[in-house]
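Please read the following walk through the model with the coordinates open beside it, taking each side-chain pairing and each packing surface in turn.

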Amino acid sequence: MSEGITPENLINNIMDTLSDKHQVQSSGSVFEEKSHSVTAEFNKLFGRQKPVHHILGGGKSADVLLWRNKKISASVLCGATVVWVLFEWLNYHFLPLVCFGLVVCIIGQFIWSHVLNRAPPQIVLPDDLFVNVSTKVGAEVNRAIGFLQRTGSGGDIKQLGIVVGSLLTAAIIGTWCNFWTVIYLGFVAAHILPVVYEKYDDQIDSAAYNVLGKLQNNYSKLDASVLSRIPARKKFA
């Protein structure tokens, strides 16, 4: 052993070397995690930057769709299933079902007040409820009509093809099942798809972007061979 090197210095040099290697590995792993998180954030479906709960509007409706309270969500889904079974399998009609429900309510009120000698509960719906519902429904209908008008007169062939294809798909699905079944399937999908996407968003985003990439490639080929040869429509002054 040389004169300038002591056992203490040798041990200190070894410990410093191991510490430097550990810091390099840690910095590398942190960099990989950051790059992975940035990539995952960039590949969010449809450019999503907000949580699914916020996209669904927040509040109690989003809590029901995302199964924050499993009892309430299960009750709503079971209620929709009962209604669908009554109309689809048992062939009940809307008007007789409403009349039977009103008869049960009236008899219940009579028993409550005359047999049990208790004051029956009074159910009063606020007037603002109907005004708000009609206003929101009217606004959504006008927005949908405006979107269809802009699609038909805008000259965007890509958007026109997507809208027409979506409507034709909905028409084909409508020939397979009746109106109540379509509404029920949409209701079930609204209670299943958001919570599944919230749980497996990274995997779904990756698969969706792969599919969108292939569709974009096929559309580019179609645009180069067919759509680009169609003369553009002149806009009105």
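R143 and E140 are three residues apart in helix α6 (residues 127-154), so about one helical turn separates them. In this predicted model, the two side chains form a salt bridge in which the closest N and O atoms are 2.6 Å apart. As for their surroundings, R143 counts as exposed, at 55% relative accessibility, whereas E140 is partly exposed, with a relative accessible area of 42%. Side chains of opposite charge can pair when their charged atoms come close.

Helix α6 is also the place of T151, and here the setting is another one, for T151 is buried, with a relative accessible area of 4%. What does the side chain of T151 reach? The partner is the backbone oxygen of F147, at 2.8 Å. Once residues up to four places away in sequence are set aside, T151 touches Q159, L160 and V163.

The structure holds two salt bridges, and the other pair to consider is that of E198 and R68, whose side chains meet at 2.9 Å, N to O. This pair links distant parts of the chain, given that E198 belongs to helix α8 while R68 sits in the loop between α3 and α4, 130 residues apart. Are these two residues buried, exposed or partly exposed? E198 is partly exposed, with a relative accessible area of 30%, and R68 likewise counts as partly exposed, at 45% relative accessibility.

From that loop the reader can move on to helix α4, which runs over residues 70-88. With 19 residues, α4 reaches 26 Å from its first C-alpha to its last, which is close to the 27 Å expected at 1.5 Å a residue. The buried residues of α4 are S73, L77, A80, W84 and F87. Because these residues cover an arc of only 90° around the axis, they lie on the same side of α4. The face turned away from that buried side carries the exposed residues K71, S75 and C78, where exposed stands for a relative accessible area over 50% and buried for one under 20%.

Which helices do the buried residues of α4 pack against? They pack against α3 (59-65), α5 (94-115) and α8 (179-199). The packing can be followed further in the largest nonpolar core, which has five residues, namely L77, A80, W84, Y184 and V188. Both α4 and α8 supply at least two residues of this core, and α4 gives the most to it, with three residues. Within this core, Y184 is a useful residue to inspect: leaving aside its neighbours within four places in sequence, Y184 is in contact with A80, T81 and W84.

A last stop is helix α9 (residues 201-225), in which Y219 lies. Y219 counts as partly exposed, at 26% relative accessibility. How far apart are Y219 and K158 in sequence, and how far apart in space? In sequence, Y219 and K158 are 61 residues apart, while in space the separation is 9.1 Å, C-alpha to C-alpha.

Conventions:
Residues numbered from 1 in each chain as written. Predicted model: local features only at pLDDT ≥ 70, side-chain atom pairs only at ≥ 80, totals over all residues. Heavy atoms only, no water. Helix = DSSP H or I, 4+ residues; strand = E, 2+ residues; numbered from the N terminus. Expected span 1.5 Å × (residues − 1). Buried < 20%, exposed > 50% of the residue type's maximum accessible area, 1.4 Å probe, protein only. Arc of directions from axis to C-beta. Contact = heavy atoms within 4.5 Å. Core = buried A, V, L, I, M, F, W, Y, C linked by side-chain atoms within 4.5 Å. Salt bridge = Lys/Arg side-chain N within 4 Å of Asp/Glu carboxyl O. Polar contact = N/O pair within 3.5 Å; in protein donor to acceptor, adjacent residues only side chain to side chain.
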